[in-house]
Structures are given as structure tokens and as C-alpha cells.
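Q: Please take a close look at one buried residue and its surroundings, and then follow the packing outward from there. A connected account is preferred to a list.

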Amino acid sequence: KIEELKTIASKLSEFEYITKAYRVEDNAIKLHLKLPKSSDKQNKTHSYIFDMTRGHSTIYKAPPQKLIQRYNAPFDTLLFSLLSSSKLQEVSLYNNDRILRFKVAPKSSYKIQVVYLQLEFTGKYTNAILLDENSTIIEALKHIDRSSSFRIIRPGITLADIPAKTQPQIGSNIKDIDTLL
């Protein structure tokens, strides 16, 4: 729900760094997020899993577990290299839709760069997409070509917006998002 995503975006904005980012299942991405130094010393790092299964996408927290399988697709390589050890600049909802967008500054020794991780929880268009500052697709969890959709998802192509859908405005009554997750 959009109100849950707004609350989750607000919670995730408290974090300062993404220490690790990788895929743990075919459609699930795990992010290890680190709080600023002045925050809670007991639990500095928190792990969130973003399940991007079409029609059943969800976000949850889970205790650490051993990886059953390592993923080595181009998306996984770029996800790990661009997001691991990166500074989290902003977490927001894109276009006031069910699209969670992380704005990060990857750790780079020679060039300041901005990368977006866009997680789309929209049912039909559910996907995880890495974008540059010009909304050009760097890589995506699921590639989509013209025969499947008007919205082509391939590296090097500018990402088209999802058609706008009017969302009912409901007040958020979520007290503790970590308990919900």
C-alpha cells in the first residue's frame, strides 16, 4: 500500500550508508543499511529484504542467514559494486506512486556519481532497476522488450514512467514500521 511505502521510505531515510547489496533469491534483494554514528550503537546495521515477485512484492526484515546460492548476472554484479559501501542520500516515493527510489553516491575514488535503485511495487510493472542521474537504465532485475510492454527495460535506454494511477490519500496509522516488517 502506498501509505506503508511512505512510512517505509521515511524509516529508510534515517540510514546513512548501504554497506552491502545483493540478491538472496531469484526476485529478492537484500540491503544492509547503517545508521549514522551518533545513532543507536547497539543496532548500527539493519537488513531489509525487498521481494520483487510480480504481483506479490513485499518488504521484510529477517535474521541473518547463510546464502544458499550466489547470483552472478550482470544486474547482481552492478548491484553489489554500485551500492555496497555507498552513501545513502535519499529514499523517496517516485511520482507519488508505489515506487521506492534510493538515491546513492557510490564509493568511488575518482569520480562523484549518483545512482538510483528504483524498486517498483506496482503489480504489473514490479521490478528493480539501476538508473543513472539521467534516468538511463544501467541494469535491471527483469529485462522487458517491446513485444511484452510499451515500457522497454534494457540497459542504455531512458526509462519511461509508469502510467499515472490516482492513489487514494489515506492517513498513515503505522506506529512501528519495524514491527510491521
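**A140 and the packing around it**

A: In this predicted model, A140 makes contact with F75, N127, A128, I129 and I153, once its neighbours within four places in sequence are set aside. A140 belongs to strand β9, which spans residues 137-140. Its relative accessible area is 3%, and buried here means under 20%, so A140 counts as buried. A140 is also 9.6 Å from L78, C-alpha to C-alpha, although 62 residues separate the two in sequence.

One of the contacts of A140, F75, leads to helix α2, residues 74-83. In α2 the buried residues are F75, D76, L79, L82 and L83. These residues lie on the same side of α2, because the arc they cover around the axis is only 150°. The spacing fits a general rule: an α-helix has 3.6 residues a turn, so positions three or four places apart point the same way. Just after α2, S85 adopts a positive phi of about 65°.

L83 of α2 also appears in the largest nonpolar core, which has 34 residues. L83 is among the members that touch the most other members, together with L12, L31, F50, L100, F102 and L119. Helix α1, residues 2-12, gives the most to this core, with 5 residues. Another core, of 8 residues, lies apart from it; Y116, I129, L131 and L159 are among its members. I129 is thus a link back to the starting point, as it is one of the residues in contact with A140.

F102 has contacts with members named above: L12, L31, F50 and L119 are among them. Beyond neighbours within four places in sequence, F102 also contacts L88, E90, V91, V115, Y116 and L117. Y116, listed there, is a member of the 8-residue core.

For a buried polar residue elsewhere, consider H32 in strand β2, residues 28-34. H32 has 14% relative accessibility and therefore counts as buried. Its side chain forms a polar contact of 2.9 Å with the side chain of Y22. Not counting residues up to four places away in sequence, H32 touches Y17, I18, T19, K20, Y22, T45, H46 and S47.

The loop between β2 and β3 (45-51) holds K37. K37 is exposed, with a relative accessible area of 68%. The C-alpha atoms of K37 and E16 are 8.9 Å apart, with their positions 21 residues apart in sequence.

Definitions and conventions: Residues are numbered from 1 along each chain as its sequence is written. This is a predicted model: local features need pLDDT of at least 70, side-chain atom pairs count only at pLDDT 80 or more; totals for chains, interfaces and linings use all residues. Side-chain values use heavy atoms; hydrogens and water are left out. Buried means under 20% relative accessible area, exposed over 50%, partly exposed in between (1.4 Å probe, protein chains only). Helices (H or I, at least four residues) and strands (E, at least two) are DSSP runs, numbered from the N terminus. The arc is that of the directions from the helix axis to the C-beta atoms. A polar contact is a pair of N or O atoms within 3.5 Å; within protein, one must be able to donate a hydrogen and the other to accept it, and residues adjacent in sequence count only if both atoms are side-chain atoms. Contact means heavy atoms within 4.5 Å. A nonpolar core is a set of buried Ala, Val, Leu, Ile, Met, Phe, Trp, Tyr and Cys residues joined through side-chain atoms within 4.5 Å.
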